[in-house]
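These are my notebook entries on charge pairs, cysteines and one pocket. The structure consulted is shown first.

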Number of protein chains: 2
Amino acid sequence: MGKKPPAIDFWFDFASPYGYFMSERIDALAARHGRQVRWRPLLLFAVLRAHGLPPPFEHPLKRDYGHLDFERSARFLEIPYAMPAGFPHISPHAARAFYLLRQADPAAARDFARAVMRGYFRAGAAIADAGCIAALAHEAAPLACGSEAEFALRIDGAEARALLAAAIEEAVQARIFGSPTVLIDGEAFFGVDRLPQIEARLAGRLAAPGSRP
Amino acid sequence: MGKKPPAIDFWFDFASPYGYFMSERIDALAARHGRQVRWRPLLLFAVLRAHGLPPPFEHPLKRDYGHLDFERSARFLEIPYAMPAGFPHISPHAARAFYLLRQADPAAARDFARAVMRGYFRAGAAIADAGCIAALAHEAAPLACGSEAEFALRIDGAEARALLAAAIEEAVQARIFGSPTVLIDGEAFFGVDRLPQIEARLAGRLAAPGSRP
């Protein structure tokens with residue numbers, strides 16, 4: 001038996017539509033090629049600020065095009081989607097909750113992450129609210145979460161803050177600048193529109209940069 | 001016989017790798033769906049400046065990722081490509097020459113544009129140089145160009161400058177903010193990675209935004 005190939009890193013922001021679309025595709029795609037995926041939420045605004053970059057949809061032209069393209073890309077990918085009122089929300093609570101849950105059970109953390117993004121991008125769930133996040137954690141990952149009230153307190157605690165800060169620092173060091181970014185053996189693929197290239201790369205039809213054909 | 005469907009607008013910058021990739025695909029794709037394409041070069045830096053937006057690959061992280069992704073996307077699309085030394089070059093001469101040629105012969109102008117991008121992105125042609133552009137025009141479109149020496153002078157003249165200024169103003173009014181942007185019946189598709197959505201849209205498999213399914 002050969003060695004298991006290394007996991008793929010999937011960096012995303014909970015409030016990123018393209019990150020949500022990627023979250024609906026990347027696990028099955030990786031599994032078809034014998035790869036596992038490590039989900040790594042970040043706070044995009046914090047990562048961009050560390051790099052000295054502006055938020056992605058700040059300019060009215062890019063915001064208007066983004067709204068058009070989110071909706072069109074969802075239809076193209078056949079993923080349910082409705083622009084949440086008040087978009088975009090910053091969601092440190094969701095990201096902190098994820099890293100707390102992951103310590104107990106990585107699979108449960110992923111179930112929770114999926115529930116957060118589906119809640120937000122299908123039903124407008126209030127993901128900026130710690131209580132909403134604790135309720136979603138309790139529903140999606142009851143064993144890893146424990147009591148909902150206690151978990152709501154832990155989301156605001158020093159441990160959760162330190163876990164998220166470490167993940168953000170790692171994302172900055174890894175030169176991530178957008179959501180989603182998929183890292184395959186250190187090679188970055190930015191954007192859900194890189195799905196066909198990711199598939200070709202995993203299937204061995206697209207060589208890594210700098211490698212000989 | 002029905003009315004001919006309106007042409008598709010293809011906005012691009014001569015020094016844009018993704019614009020070059022699109023230029024190698026859009027005509028054949030449109031033709032398969034009974035559509036013609038109107039090529040519309042612009043100067044991206046001028047359009048972005050008018051919108052108050054920074055150049056796209058200014059930040060080192062985005063520049064490094066861009067270089068990786070240009071090369072990878074070329075391999076994925078199976079388009080010959082070599083990063084030109086000194087990239088990116090600003091090429092008002094090429095864009096002005098295009099609009100001069102188009103007045104005489106739109107097909108010849110497109111042949112010229114193709115020659116410029118292939119020259120630049122395959123062989124590092126000096127597209128920022130008026131003499132190089134006049135030579136390319138004379139070779140690709142001899143009848144529309146006339147004498148190479150006279151055409152080199154016309155590229156720097158008031159007529160050519162006014163034609164390009166009008167095109168840039170039109171791009172700004174059309175809210176273009178990137179190269180390539182394809183406009184189908186007023187709907188914008190930004191980036192060569194939108195080729196699959198453009199194809200689905202032209203084939204009637206992807207409804208226009210706001211339309212009923």
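I searched the whole structure for salt bridges and found 39 over all chains; a salt bridge is a side-chain nitrogen of Lys or Arg within 4 Å of a carboxyl oxygen of Asp or Glu. The structure is a predicted model, in which local features need pLDDT of at least 70 and side-chain atom pairs count only at pLDDT 80 or more, while totals for chains, interfaces and linings use all residues; side-chain values use heavy atoms, with hydrogens and water left out. Residues are numbered from 1 along each chain as its sequence is written, and chains are lettered from A and ligands numbered from 1 in the order in which they are written.

**Confidence**

I noted a mean pLDDT of 95 for chain A, with 98% of its residues at 70 or more; pLDDT is the predictor's confidence in each residue, from 0 to 100. For the complex, the predictor gives an ipTM of 0.94 and a pTM of 0.96.

**Salt bridges**

I looked up R201(A) and found its side chain in a salt bridge with that of E187(A) (2.5 Å, N to O). The pair links distant parts of the chain, R201(A) being in helix α11 of chain A and E187(A), 14 residues apart from it, in strand β4 (residues 187-190) of chain A. Helices (H or I, at least four residues) and strands (E, at least two) are DSSP runs, numbered from the N terminus. Both R201(A) and E187(A) are buried; buried means under 20% relative accessible area, exposed over 50%, and partly exposed in between (1.4 Å probe, protein chains only).

In chain B, I recorded a salt bridge between the side chains of R40(B) and D9(B) (3.3 Å, N to O). R40(B) belongs to strand β2 (residues 37-41) and D9(B) to strand β1 (residues 8-12), 31 residues apart. R40(B) is buried at a relative accessible area of 4%, and D9(B) is buried at 11%.

I then examined R35(B) and D185(B), whose side chains meet in a salt bridge (2.9 Å, N to O). R35(B) is in the loop between α2 (26-32) and β2 of chain B and D185(B) in the loop between β3 (181-184) and β4 (187-190) of chain B, so the pair ties together parts 150 residues apart in sequence. R35(B) is buried, at 13% relative accessible area, whereas D185(B) is partly exposed, at 45%.

I also noted a network of salt bridges that links D69(A), R72(A), D193(A), E187(B), R194(B) and R201(B).

**Cysteines**

My search over all chains returned zero disulfides, a disulfide being a pair of cysteine sulfur atoms within 2.5 Å. The closest cysteine sulfur to that of C145(A) is in C132(A), 13 Å away and therefore too far for a bond. C145(A) is buried, with 6% relative accessibility. C132(B) is in no disulfide either, the nearest cysteine sulfur being that of C145(B) at 13 Å. C132(B) is buried, with a relative accessible area of 18%.

**A salt-bridge residue at the pocket**

Returning to D193(A), a member of the network above, I checked the second largest pocket. Of the 22 residues that line this pocket, the closest to its centre are D193(A), L195(A), P196(A), D193(B) and P196(B).

Key: 1 Å grid on protein atoms, 1.4 Å probe; cavity = no way out; pocket = protein on both sides within 12 Å on 5 of 7 lines; lining within 4 Å.
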